[in-house]
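Trainee: I should like to take a close look at a single part of this structure, its largest pocket. Please describe that part, and then the strands and charged pairs that belong to the elements around it.

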Amino acid sequence: MKQSLCKAFCDDIRVTEVPVGLAVSTAFRRADGDKVSFYVISDRDGRIHLEDDGATIPYLEAAGVDFETDTRNRALLELLDTVDGYFDPEESLIKTRPFIESDLTERSIDFVAM
């Protein structure tokens, strides 16, 4: 059973080197059918941070979620706080604050689960 679960979670993961770090495509899909993807960005200080693919917030807004309401905005901020993240409205990206590379596995799983 463990092998089957590992296969299901791992076989569809694609990691591609890009100029800023790594592009990661996961086995998970949003309701629109697109795969959940994120980037591992190398920072100048030797640490890294994660960014979504820029589709998360626009997808939710297109589905009718209004993050301008106090309740939803607070819920988003609380959710982002669980991954030490924030939303960059200028780039329409969800990002984490920088962390050390040895934390990548745990941080990326938490980021995708968010």
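Mentor: In this predicted model, the largest pocket holds about 840 Å³ of space. Its lining consists of 36 residues, and those closest to the centre of the pocket are V36, F111, V112, A113 and M114. The elements that each give two or more residues to this lining are the helices α1, α2 (56-62), α3 (70-81) and α4 (104-113), together with the strands β2 (21-29) and β3 (35-42). The greatest contribution is that of α4, which supplies seven residues. Rolling a probe the size of a water molecule over the atoms is what reveals such empty space.

Let us now follow the two lining strands, β2 and β3. They run antiparallel and are joined by six bridges. Within this pairing, R29 has K35 in β3 as its bridge partner. The hairpin of β2 and β3 has five residues between the strands, and G33 there takes a positive phi near 95°. On its other pairing, β2 is joined to strand β1 (residues 14-18) by five bridges, again in the antiparallel sense. Here R14 stands opposite S25 of β2. The hairpin formed by β1 and β2 has two residues between the strands.

The loop between β2 and β3 also brings us to the charged pairs. Side chains of opposite charge can pair when their charged atoms come close. A search of the whole structure finds 10 salt bridges. In one of them, D53 pairs with R30, and their closest N and O atoms are 3.5 Å apart. This pair links distant parts of the chain, for R30 lies in the loop between β2 and β3 while D53 lies in the loop between β4 (48-52) and α2, 23 residues apart. R30 counts as buried because its relative accessible area is 16%, under the cut-off of 20%. D53, with a relative accessible area of 29%, is therefore classed as partly exposed. The two residues also belong to a network of salt bridges that links R30, D32, D34 and D53.

Strand β4 takes part in another such pair. K95 forms a salt bridge with E51, with 4.0 Å between the closest N and O atoms. Since K95 lies in strand β6 and E51 in strand β4, the pair ties together parts that are 44 residues apart in sequence. K95 counts as buried because its relative accessibility is 8%. E51 counts as buried as well, because its value is 12%.

The mention of β6 leads to its partner strand. Strand β5 (residues 85-88) and strand β6 (residues 93-96) pair in the antiparallel sense over four bridges. G85 has T96 in β6 as its bridge partner. Four residues lie between the two strands of this hairpin, and S92 takes a positive phi near 55°. Most residues other than glycine have a negative phi. S92 is a residue other than glycine, and yet its phi is positive. The place of S92 is in the loop between β5 and β6, and S92 counts as partly exposed because its relative accessibility is 21%. D84 offers a further case, with a positive phi of about 50° although it is not a glycine. D84 is found in the loop between α3 and β5. Its relative accessibility is 32%, so D84 counts as partly exposed.

Finally, let us return to the start of the chain, where α1 is found among the elements that line the pocket. M1 lies in the segment before α1 (2-10). M1 counts as exposed because its relative accessibility is 82%. Together with L5, F9 and F28, M1 makes a nonpolar surface patch of about 490 Å². A charged pair is found here too, for the side chains of K7 and D11 meet in a salt bridge at 2.4 Å, N to O. K7 counts as exposed because its relative accessibility is 53%, whereas D11 is partly exposed because its relative accessible area is 37%.

Notes
Residues numbered from 1 in each chain as written. Predicted model: local features only at pLDDT ≥ 70, side-chain atom pairs only at ≥ 80, totals over all residues. Heavy atoms only, no water. Pairing = 2+ DSSP bridges. Patch = residues over 30% accessible without salt bridge, like charges linked within 9 Å, V, L, I, M, F, W, Y side chains within 5 Å. Areas by Shrake-Rupley, 256 points an atom, 1.4 Å probe, with all protein chains shown as cover. Buried < 20%, exposed > 50% of the residue type's maximum accessible area, 1.4 Å probe, protein only. 1 Å grid on protein atoms, 1.4 Å probe; cavity = no way out; pocket = protein on both sides within 12 Å on 5 of 7 lines; lining within 4 Å. Points joined across faces, edges and corners; volume = space filled by probe spheres on them.
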